[in-house]
Amino acid sequence: MPVQTSDQRWAAQAAAGDESAFRELYRAHVRPVYWIANGILASPADAEDVTQETFVVAWRKLPGLELQGESILPWLATICRFQAANRLRQRRRDQAHTAEALDEDLPATVSVEEQVITADLAARIAAEVGTLSELDREIFRLCASEGYAYQAAAEELGVSHAVVRNRLSRVRTQLRGAVKEARDA
């Protein structure tokens, strides 16, 4: 039997109603989901709302999910894009009912191409994170996803501050390369 990834294990447990497993999924993916929302909406406040809405929808839909890959991030990214598109439609309705001038920069819809690019990018990032060593994944999770300071992450993992700083720098460089490749493709 193949070894399950953390996402696969947490998703199965959360689908069965395990709230602590869902919290782990949330901690692991809240920042990438926020980045996707903010990229679409260009509003930190709206992105925070859409991020929360994404996880509320995910909690409701998890019992029917059959996770296709090792990461749940592409599925969360899809939910996020739909929530963001709903938020954009709501903005347009609100603007149409006010006397204020319409914001010309507001996109009318989230294009299918942009949705595909965002999904591909999320999948590429998830795949790249999957290639990291266990220590590098944990450092990335603690520092990038959960916001730990280097020293706190070092203490949590039993390594030095320098190990965390150097490995995280290497991981970020690797992920930037993956993102650049995905955008250039």
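Q: What makes E24 and R27 residues that are separated by about one helical turn?
A: In this predicted model, E24 and R27 are three residues apart in helix α2, and that spacing puts about one helical turn between them. A helix here is a DSSP run of H or I with at least four residues, numbered from the N terminus.

Q: Why is the pairing of E24 with R27 called a salt bridge?
A: The term requires a side-chain nitrogen of Lys or Arg within 4 Å of a carboxyl oxygen of Asp or Glu. For E24 and R27 the closest N and O atoms are 2.9 Å apart, so the pair meets that limit. Side chains of opposite charge can pair when their charged atoms come close. The structure holds six salt bridges.

Q: Are E24 and R27 buried or exposed?
A: Neither word fits, because buried means under 20% relative accessible area and exposed over 50%, with partly exposed in between (1.4 Å probe, protein chains only). E24 has 24% relative accessibility and therefore counts as partly exposed, and R27, at 31%, is partly exposed as well.

How these values are set up can be stated briefly. Residues are numbered from 1 along each chain as its sequence is written, and side-chain values use heavy atoms, leaving out hydrogens and water. Local features need pLDDT of at least 70 and side-chain atom pairs count only at pLDDT 80 or more, while totals for chains, interfaces and linings use all residues.

Q: How do you know that D46 and R87 tie together separate parts of the sequence?
A: The side chains of D46 and R87 meet in a salt bridge, with 3.1 Å from N to O. D46 lies in helix α3 and R87 in helix α4 (residues 73–96), so the pair joins parts that are 41 residues apart in sequence. D46, at 15% relative accessible area, is buried, and R87 counts as buried at 16%.

Q: What links R87 to E53, and which network includes them?
A: The side chains of E53 and R87 also form a salt bridge, at 2.6 Å from N to O. E53 is in helix α3 and R87 in helix α4, so this pair ties together parts 34 residues apart in sequence. E53 counts as partly exposed at 27%. Salt bridges link D46, D49, E53, R87 and R91 in a network.

Q: Why are α2 and α3 called oblique to each other?
A: Helix α2 (residues 19–41) and helix α3 (residues 44–61) pack at an angle of about 140°, with their axes 8 Å apart. Angles under 35 degrees count as roughly parallel, over 145 as roughly antiparallel, and 65 to 115 as roughly perpendicular, with the rest oblique; α2 and α3 are therefore oblique.

Note on methods: Axes are lines fitted to C-alpha atoms, for helices over the stretch in contact, and angles run from 0 to 180 degrees between N-to-C directions. Helices (H or I, at least four residues) and strands (E, at least two) are DSSP runs, numbered from the N terminus.
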